[in-house]
Amino acid sequence: MKNGIVRFAALYVFNFAVLLLIGLLSAGVSVGFHALWAAVILTLAALFVKPLLTGAFRKAAAKSAADRTKTGEKVVQYVLVYLVELLIWVAVVWLSGVRASGFWSYALPPLFLLFGWMIYDQVDDKLRAKAGELYDAVQGRVSGKKSAPAAAAPGTPAAPATTEARAELDDGLTPEQRRMLDELG
């Protein structure tokens with residue numbers, strides 16, 4: 001449960017910032033205080049709907065993947081991700097107070113979301129680690145316990161578990177698959 005709460009909180013804060021930027025950079029898009037609710041919708045869509053839509057689009061694209069080059073494959077992937085982002089943006093506009101008028105107010109924000117989520121993927125581990133520390137600190141205050149230190153002090157010898165951790169990284173799983181397994185157990 002902790003992983004789910006931490007992941008939701010970290011993604012919510014990031015989506016809120018991206019929505020505010022979309023409101024500032026996109027003509028015809030009015031976000032304002034509706035970004036608070038729109039970030040909830042966007043976060044839920046990113047956690048639940050986006051993987052389903054991406055899988056469906058990839059499955060459909062795989063059926064037509066006869067003779068593609070690497071460049072062609074990347075173009076197809078980017079187009080599919082953009083279509084998913086477009087559907088999510090339409091849902092955000094429809095379900096929240098965000099207003100969009102005109103072609104560009106529907107065409108550009110999915111690109112901003114795409115770039116934002118690409119950046120989020122790059123900083124995801126650090127952001128989730130910091131959010132996890134905050135979660136532990138708050139939980140420790142509520143229950144009256146002190147939280148364990150996040151990392152060993154610099155200059156201390158490496159724990160024997162580091163070799164096990166390195167060996168675990170060679171298990172053939174992607175970081176996303178490893179995260180999903182960690183959340184299950």
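Q: Helices here are DSSP runs (H or I, at least four residues) and strands are E runs of at least two, numbered from the N terminus. What phi does glycine 144 take just after H4?

A: A positive one, about 85°. Keep in mind that this is a predicted model, where local features need pLDDT of at least 70, side-chain atom pairs count only at pLDDT 80 or more, and totals for chains, interfaces and linings use all residues. Numbering runs from 1 along each chain as its sequence is written, and side-chain values use heavy atoms, with hydrogens and water left out.

Q: OK, back up into H4. How far apart are its end C-alpha atoms?

A: 50 Å, for a helix covering residues 104-143. A straight helix of 40 residues would span 58 Å, taking 1.5 Å times one less than the number of residues.

Q: Where's the kink in H4 centred?

A: On valine 123, where H4 turns by about 65°. That bend is the angle between axes fitted to the seven residues ending there and the seven starting there.

Q: Switching topic: what does the chain average for pLDDT?

A: The protein chain averages 76, and 77% of its residues score at least 70. pLDDT is the predictor's confidence in each residue, from 0 to 100.

Q: And which bits are lowest and highest?

A: Helix H5, residues 161-169, is lowest with a mean of 54. Strand S2, residues 99-100, is highest at 88.

Q: Where does pLDDT stay under 50?

A: Over residues 155-160.

Q: How many contacts beyond four places in sequence does the model have for residues 155-160?

A: Zero, counting heavy atoms within 4.5 Å as a contact.
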